[in-house]
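This report introduces a protein structure to a reader who has not met it before. Please keep the sequence and the model in view while reading.

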Amino acid sequence: METFFLRGLLLCWQCFVIPVWGLDFYTAAVFEHPSYFESNVSIVSTRSEALNIMREFLDIYQEQVHAASKQGVKIIVFPEKGIHGLHLSRPALFPYLEPIPDPNVVQWNPCLHPTAYNDTEVLHQLSCMARNGSMYLVANMGERQTCEQSDPKCPPDGRYHFNTNVVFDAEGTFIAKYQRWNLYYGNIYDKPKTVQHVIFNTSFAGRFGIITGFDILFYEPAVSLIENYDVKQIVFPTAWMNQLPLLSAVQFHQAFATAFGINLFAANQHHPEDDITGSGIYTPLDFPYYYNSESSEGKLLVAKVPIITSRQNHSLQLEVTAALLKGNNYFEAFVLQKKGEKQEQIGPMERNDPGDIFHNIMMYDNYTFISLTGLKGSLHICSNTLCCHVAYKRSNDTDGNLYALGVYDGFNNRVFGAYYTQVCTLVKCAGSSYDTCGQNVTTASDIIDFGLWGNFSATHIYPEILADKMKIYRADTRGWANSNYCMIKKGMSAGLVTAALYGRWYEKD
């Protein structure tokens, strides 16, 4: 990271996780593809019919494993519900489920011993894929477990339905399973009785943690795996519906991996008609990803991944005092400095007139906004205890594009579960009127240099930068400055859609 000095004053000190790795790499793959979706709740398949449908997708998986093996892939991750599909009722889902034994209790290679357990055809085929492809394989499937009515949590139909990830080693041995903890909606699946922190070992890169879908937004088990179990790489099957402007798949998943300095392997389903797309291999060195809202085809994404040996906290001091972040204009002057200018020549910036303050619903929540005015300036806006600041310089405003600085401090009022957020965000509005701020936007032409910061009480902040046509960036500089978290980005090659510091106050959930 670069160290910037501004008249000998501390501009912003960064305290973030810097991964330390050697020169060793391995090759990994994630596969994004469309799967089966049964929207008619009255249609209930037989087990034979369900198997025929699932075998079609298993054949696709087999093709991808074969292609991946030619590229030296050591581990491949498939999406959530990629085999058994999406269903809207328990009876419709049931024929697609299999009993899955506990790999901590039994040692089993389904490819070599296919008849050890009944109704495990999918497990058998996945095991053989891993074995024949000589790679670790992570897939998501539906699991069933019978339960007694004496069990107070036993569903009325006498069985648990779990959304389960399964892992096979390169010999096809079944080595791990994880039952999803944070469910998105409905009672089609059941929550396990306790949260599971599942970790599996590999012969090529050490330990991996496992999460699914909505898990990534909560402390348990996603953050806990990293902070309490020292996991440095996570496999992440998901069926993620993009929610702009703050929670598109590639945008938030890359921010999560960046915040912790880990390797994150996100495999999403591909249904662009429902805005479900976006997979990636997010590492400290690079973040190749796939997002395609035009094509109906899936994608095998293959990348080299660094082996992270340790995660260490480092502080990078850029010399500013708390007073500067409370009103002194040196921080803004730094952001607005032209590339190549000597910093000692920077003088106080001329502040522009403040924009209008207004409120809009953005992603279910009532945000407070202030509009940006002019080609450059500095603004702030507050909500509850959180005050957000932005210093910005726009390349031009000839198109009349409207941008606004937004703040929210409170529970996220989602339809399927509330959680506490603190958010500072710079958003491009969908139109020229204030009521369009916070709506879905995917295109932008304004090149904007900016600094964004806020006095967060939350300690987990996820830095997001989303640009024209769903291009993602990482900040040049980010981290804590006393009680403020800040992010700076200059010199983007694409127009800015959204910049956000997405804070999660897990203790308040």
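## Reading the strands

Two strands are said to pair here if DSSP finds at least two bridges between them. The structure described is a predicted model, and what follows begins with a sheet before turning to a hairpin, a surface patch and some backbone details.

## The seven-stranded sheet

With that meaning of pairing in mind, seven strands form an open sheet in the order β15-β16-β19-β20-β26-β22-β23, and their pairing is antiparallel. The edges are held by β15 (357–362) and β23 (471–472), each of which has a single partner strand, so one side of each is left without a neighbour in the sheet.

At the β23 edge, strand β22 (residues 460–467) runs antiparallel to β23 and is joined to it by two bridges, with A467 standing opposite K471 of β23. Helix α5 (residues 249–260) packs on the sheet and touches β22, β23 and β26 (496–504), while the direction of the helix makes about 135° with that of β22.

## Strand β12 and its two neighbours

Strand β12 (residues 279–282) is covered on both faces, since S279 and I281 on one side are buried, as are G280 and Y282 on the other. The strand also has pairing partners: three bridges join β12 to strand β11 (residues 263–267), the two running antiparallel, and within this pair L264 has Y282 of β12 as its bridge partner.

Strand β13 (residues 289–290) pairs with β12 as well, again in the antiparallel sense and over two bridges. In this pairing G280 stands opposite Y289 of β13, and the two strands, with six residues between them, form a hairpin. Y282 is thus a buried residue of β12 that is also the bridge partner of L264, whereas G280, likewise buried, faces Y289 in β13.

## A nonpolar patch on the surface

Which residues make the nonpolar surface patch of about 360 Å²? The patch is made by F37, V41, L88 and Y185. Of these, Y185 lies in the loop between β7 (174–179) and β8 (199–202). Its relative accessible area is 37%, and because partly exposed covers the values between 20% and 50%, Y185 counts as partly exposed.

## Less usual backbone geometry

Most residues other than glycine have a negative phi, and most peptide bonds are trans. Against that background, the peptide bond from E220 to P221 is cis, with omega near -5°, and P221 has its place in helix α4 (residues 219–227). The peptide bond from L244 to P245 is cis too, with omega near 15°, but P245 is found in the loop between β10 (233–237) and α5, the helix that packs on the sheet described above.

Two residues that are not glycine have a positive phi: M363, at about 50°, and N482, at about 55°. M363 lies in the loop between β15 and β16 (365–371), and β15 is one of the edge strands of the sheet; N482 has its place in the loop between β24 (477–481) and β25 (484–489). Are these two residues buried or partly exposed? M363 has a relative accessibility of 13% and therefore counts as buried, the limit for that class being under 20%, whereas N482, with a relative accessible area of 42%, is partly exposed.

Technical notes:
Residues numbered from 1 in each chain as written. Predicted model: local features only at pLDDT ≥ 70, side-chain atom pairs only at ≥ 80, totals over all residues. Heavy atoms only, no water. Patch = residues over 30% accessible without salt bridge, like charges linked within 9 Å, V, L, I, M, F, W, Y side chains within 5 Å. Areas by Shrake-Rupley, 256 points an atom, 1.4 Å probe, with all protein chains shown as cover. Salt bridge = Lys/Arg side-chain N within 4 Å of Asp/Glu carboxyl O. Helix = DSSP H or I, 4+ residues; strand = E, 2+ residues; numbered from the N terminus. Buried < 20%, exposed > 50% of the residue type's maximum accessible area, 1.4 Å probe, protein only. Contact = heavy atoms within 4.5 Å. Axes fitted to C-alpha atoms, helices over the stretch in contact; angles between N-to-C directions.
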